[in-house]
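Biologist: Could you walk me through this structure slowly, as if I were new to reading models? I have the sequence and the 3D view open.

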Amino acid sequence: MTDPIRDNVEQCRFELQVGDQIAFARYRREPARLVITYVYAPPMLRGTGAADRLMEGVAAHARSSGDQIIPLCGYARAWLHGHGAHRGLLA
């Protein structure tokens, strides 16, 4: 099961709150596409799997919206290539 993520439309980013820390994935929307420009996890969350859980939520959001993902961020690109179940989301 994935942690709930929030689509912060005003800041164009998906957010995963863990305690008082927030990991996020910045994006821009294009027709039928979600362009992930940057994924960030605060130092206290690094190594905890927070960015992985965040990307699971982003992938679930894209899948439910019928969007493909364009991963400009190196982490997002590596994550999508490393998770076979989500490779079909790559634009």
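**Salt bridges, sheet and core**

Modeller: Let us begin with charged side chains, where Arg-6, Arg-13 and Glu-15 are linked in a network of salt bridges. Please keep in mind throughout that this is a predicted model.

Biologist: How many salt bridges are there in the whole structure?

Modeller: A search of the whole structure turns up 4 salt bridges. One of them joins the side chains of Asp-7 and Arg-29, with 2.7 Å from N to O, and this pair links distant parts of the chain, since Asp-7 sits in strand 1 and Arg-29 in strand 3, 22 residues apart.

Biologist: Are Asp-7 and Arg-29 buried or exposed?

Modeller: Neither word fits, because Asp-7 has a relative accessible area of 25% and is partly exposed, and Arg-29, at 42% relative accessibility, also counts as partly exposed.

Biologist: And what about Glu-15, which partner does it have and how far apart are the closest atoms?

Modeller: Glu-15 forms a salt bridge with Arg-13, and their closest N and O atoms are 2.7 Å apart. Here the residues are buried, as Glu-15 has 9% relative accessibility and Arg-13 has a relative accessible area of 12%.

Biologist: Which residue does Glu-30 pair with?

Modeller: Glu-30 forms its salt bridge with Arg-28, where the closest N and O atoms are 3.5 Å apart. Glu-30 is partly exposed at 31% relative accessibility, and Arg-28 is partly exposed as well, with a relative accessible area of 42%.

Biologist: Changing topic, how are the strands arranged?

Modeller: There are 5 strands that form an open sheet, in the order 1-2-3-4-5, and the pairing between them is mixed. Strand 1 (6-8) and strand 5 (68-71) stand at the edges, and each has a single partner strand, so one side of each is left without a neighbour in the sheet. Going from one strand to the next, the twist averages 35 degrees.

Biologist: How do strand 4 and strand 5 run relative to each other, and what joins them?

Modeller: Strand 4 and strand 5 run parallel and are joined by 4 bridges. If you want a place to look in your view, find Arg-33, which stands opposite Gln-68 in strand 5.

Biologist: Where do the helices lie on that sheet?

Modeller: Helix 1 lies across strand 1, strand 2, strand 3, strand 4 and strand 5, and runs at about 135 degrees to strand 2. Helix 2 also packs on the sheet, where it touches strand 4 and strand 5, and its direction makes about 130 degrees with that of strand 5.

Biologist: What sort of core does the model have, and which residues have the most contacts inside it?

Modeller: The largest nonpolar core has 23 residues, and those with the most contacts inside it are Leu-34, Ile-36, Val-39, Leu-54, Val-58 and Ile-69. The elements that give two or more residues to this core are strand 2 (13-18), strand 3 (21-30), strand 4 (33-40), helix 1 (50-65) and helix 2 (74-82). Helix 1 gives the most, with 7 residues.

Biologist: Why would nonpolar side chains be buried together?

Modeller: That is a general tendency of nonpolar side chains in soluble globular proteins.

Biologist: Pick one core residue, then: what is Val-39 in contact with?

Modeller: If we leave aside its neighbours within four places in sequence, Val-39 is in contact with Phe-24, Ala-25, Ala-51, Leu-54, Met-55, Cys-73, Tyr-75 and Ala-76.

Biologist: And Leu-80, where is that?

Modeller: Leu-80 is found in helix 2, and it is buried, with a relative accessible area of 0%. Leaving aside neighbours within four places in sequence, Leu-80 is in contact with Ile-69, Pro-71, His-86, Arg-87 and Leu-90. The C-alpha atoms of Leu-80 and Ile-70 are separated by 9.9 Å, with the two residues 10 apart along the chain.

Biologist: You mentioned Cys-73 just now, so how many disulfides are there?

Modeller: The count of disulfides comes to 0. Cys-12 is in no disulfide, and the nearest cysteine sulfur, that of Cys-73, is 16 Å away.

Biologist: Why is there no bond for Cys-73?

Modeller: The closest cysteine sulfur to that of Cys-73 is in Cys-12, and because it is 16 Å away, it is too far for a bond. In accessibility, Cys-73 counts as buried at 9%, while Cys-12 counts as partly exposed at 35%.

Definitions and conventions: Residues numbered from 1 in each chain as written. Predicted model: local features only at pLDDT ≥ 70, side-chain atom pairs only at ≥ 80, totals over all residues. Heavy atoms only, no water. Core = buried A, V, L, I, M, F, W, Y, C linked by side-chain atoms within 4.5 Å. Buried < 20%, exposed > 50% of the residue type's maximum accessible area, 1.4 Å probe, protein only. Contact = heavy atoms within 4.5 Å. Disulfide = S-S within 2.5 Å. Pairing = 2+ DSSP bridges. Axes fitted to C-alpha atoms, helices over the stretch in contact; angles between N-to-C directions.
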